[in-house]
Amino acid sequence: MPSALLTSPHAVAKTRRQAAYPPVEWVPASSSNYTASNRPSSYPITYVVVHVTQETYADTLAIFKNPAKKVSAHYVVRSADGHIAQCVSERNVAWHAGNWTYNTRSIGIEHEGWVDQPEYFTDAMYEQSALLTAAICGKYAIPKDRQHIIGHVEVPGTDHTDPGRYWDWSRYIHLVNSA
């Protein structure tokens, strides 16, 4: 019997809905800058938090590697070409949101640039980040909406303003849902 006949229609539909992760480069953060965990068993993952680095891509990676900095994110997206570095395994808790509950329940994606310099928000960055976010949402059954894909500024208790007024949320959510 052909294997296609053994696959349930539900499994086929689920496979079609789940986007594939774009290529990523492993650039590990210092183990001093995140909490080892076993997510989603230890904590459910219910958010994607969008950040802007306020640094260059290279400087952001260096900060995450520095054990004295006590900060990290799961991913960093480069402005020029959308290249993605993964710095913390999704099973672990990255220290990106400034709120422990949100750190435990989210994947943090940093985007190279500055909140007041919209030229950093390139087509390549939006497109690759949206593919990544769509894949994360598919993997963890996170709704692809603004209640679950949030900016750092929306995390309770934060003093950050990123991704800032120039981040095109309508475009981003459209790209995430089209992926």
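This passage describes a sheet, the helices that lie across it, and the aromatic rings found in the same predicted model.

The sheet is open and is built from six strands, which follow one another in the order E1-E5-E4-E7-E3-E8 with mixed pairing. Strand E1 (25–26) and strand E8 stand at the edges, and each has a single partner strand, so one side of each is left without a neighbour in the sheet. In general, the strands of a sheet pair through backbone hydrogen bonds, and they do so either parallel or antiparallel.

Strand E7 is joined to E3 by six bridges, and these two strands run parallel; within this pairing, Tyr-47 has Ser-106 of E7 as its bridge partner. E7 is also joined to E4, here by three bridges and again in parallel, and His-111 of E7 is the bridge partner of Val-77. The pairing of E3 with E8 is likewise parallel and rests on three bridges, with Val-48 standing opposite Ile-149 in E8. Six of the six residues of E7 are buried, so this strand is largely enclosed by the rest of the structure. Ser-106, Gly-108 and Glu-110 point one way from E7, whereas Ile-107, Ile-109 and His-111 point the other way, and all of them are buried.

Helix H4 has 18 residues and reaches 26 Å from its first C-alpha to its last, which is close to the 26 Å expected at 1.5 Å a residue. The helix lies across E3, E4, E5, E7 and E8, and runs at about 175° to E7. The buried residues of H4 include Met-125, Tyr-126, Ser-129, Ala-130, Leu-132 and Tyr-140, and what covers the buried residues of this helix includes strands E3, E4, E5, E7 and E8 together with helix H5. After H4 comes Ala-141, whose phi is positive, near 55°. Helix H5, for its part, lies across E3, E7 and E8, running at about 155° to E8.

Thr-133 offers a view of this packing from a single position in helix H4. Its relative accessibility is 0%, and because residues under 20% are classed as buried, Thr-133 counts as buried. When residues up to four places away in sequence are not counted, Thr-133 touches Val-48, Ile-109, Ile-149, Tyr-172 and Val-176.

The aromatic side chains add a further set of contacts, and the count comes to 10 aromatic pairs. One of these is formed by Tyr-126 and Tyr-172, whose rings are tilted, with 6.4 Å from centre to centre and 50° between the planes. Tyr-126 lies in helix H4 (residues 123–140) and Tyr-172 in helix H5 (residues 169–178), so the pair ties together parts that are 46 residues apart in sequence. Both Tyr-126 and Tyr-172 are buried, and both belong to one aromatic cluster that they form with Phe-121, Trp-167 and Trp-169. The ring of Trp-169 also has the charged end of Arg-146 sitting over it, 3.6 Å from the ring centre. In another arrangement of this kind, the charged end of Arg-78 sits over the ring of Tyr-57, at 4.9 Å from its centre.

Key:
Residues numbered from 1 in each chain as written. Predicted model: local features only at pLDDT ≥ 70, side-chain atom pairs only at ≥ 80, totals over all residues. Heavy atoms only, no water. Phe/Tyr/Trp six-rings, centres within 6.5 Å; stacked < 30°, edge-to-face > 60°. Helix = DSSP H or I, 4+ residues; strand = E, 2+ residues; numbered from the N terminus. Buried < 20%, exposed > 50% of the residue type's maximum accessible area, 1.4 Å probe, protein only. Lys NZ or Arg CZ within 6 Å of the ring centre and 35° of its normal. Expected span 1.5 Å × (residues − 1). Contact = heavy atoms within 4.5 Å. Pairing = 2+ DSSP bridges. Axes fitted to C-alpha atoms, helices over the stretch in contact; angles between N-to-C directions.
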